[in-house]
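Me: I'm new to reading protein models and would like to look closely at one small part. Could you walk me through it?

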Amino acid sequence: MKTFKEHVACCDECYDHIIEAAEYQGRKVKLGKVQRGGKKKFQVYVKNPKTGNVKKVSFGDTTGLSIKTKDPARRKSFRARHNCDNPGPRHKARYWSCRKW
């Protein structure tokens with residue numbers, strides 16, 4: 001597994017964010033960047049801290065329903081149902097789903 005570091009600007013003035021890039025099944029991918037696609041609605045590539053392998057985490061609904069994050073009651077219910085106060089490790093879908101909300 002090859003790992004690359006790349007500086008990416010979040011705005012015009014700063015270049016302090018570092019997004020790591022790695023290889024996943026022979027392709028160069030960015031780690032920690034949520035994108036649409038995969039078998040579910042969203043996917044993200046992360047590195048498993050125990051094994052050091054890059055893994056693809058898919059999360060979200062597969063039927064194409066919208067998540068309606070602007071409704072405070074729905075947001076509160078989702079965060080309670082998924083225990084978003086303690087989202088768990090970064091290489092699990094629950095972490096990324098809670099972060100998206």
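Is Asn48 buried or exposed, and why does it count that way?

Reply: Happy to help! Keep in mind that this is a predicted model. Asn48 counts as buried because its relative accessibility is 15%, and the cut-off for buried is under 20%.

Now let's place Asn48 in the chain. The elements run β-β-β-β-β-β-α-α from the N terminus, and Asn48 sits in the loop between β5 (42–47) and β6 (54–59). Within that loop, look for Lys50: its backbone nitrogen is 3.2 Å from a polar atom of the Asn48 side chain. Leaving aside residues up to four places away in sequence, Asn48 touches Asn53 and His91. For some context, 23% of the 101 residues of the chain count as buried.

Next, let's step back to the aromatic rings. The whole structure holds three aromatic pairs. One of them joins Tyr24 and Tyr45 in a tilted arrangement, with 5.1 Å from centre to centre and 55 degrees between the planes. This pair links distant parts of the chain, as Tyr24 belongs to strand β2 (residues 17–24) and Tyr45 to strand β5, 21 residues apart. Tyr45 is buried at 3% relative accessibility, and Tyr24 is buried too, with a relative accessible area of 15%. Another pair, Tyr95 and Trp96, is edge-to-face, with 5.1 Å between centres and 85 degrees between planes. Trp96 counts as buried, at 1% relative accessibility.

One last ring to find is that of Phe42: Lys100 lies over its face, 4.5 Å from the ring centre.

Methods: Residues numbered from 1 in each chain as written. Predicted model: local features only at pLDDT ≥ 70, side-chain atom pairs only at ≥ 80, totals over all residues. Heavy atoms only, no water. Helix = DSSP H or I, 4+ residues; strand = E, 2+ residues; numbered from the N terminus. Buried < 20%, exposed > 50% of the residue type's maximum accessible area, 1.4 Å probe, protein only. Polar contact = N/O pair within 3.5 Å; in protein donor to acceptor, adjacent residues only side chain to side chain. Contact = heavy atoms within 4.5 Å. Phe/Tyr/Trp six-rings, centres within 6.5 Å; stacked < 30°, edge-to-face > 60°. Lys NZ or Arg CZ within 6 Å of the ring centre and 35° of its normal.
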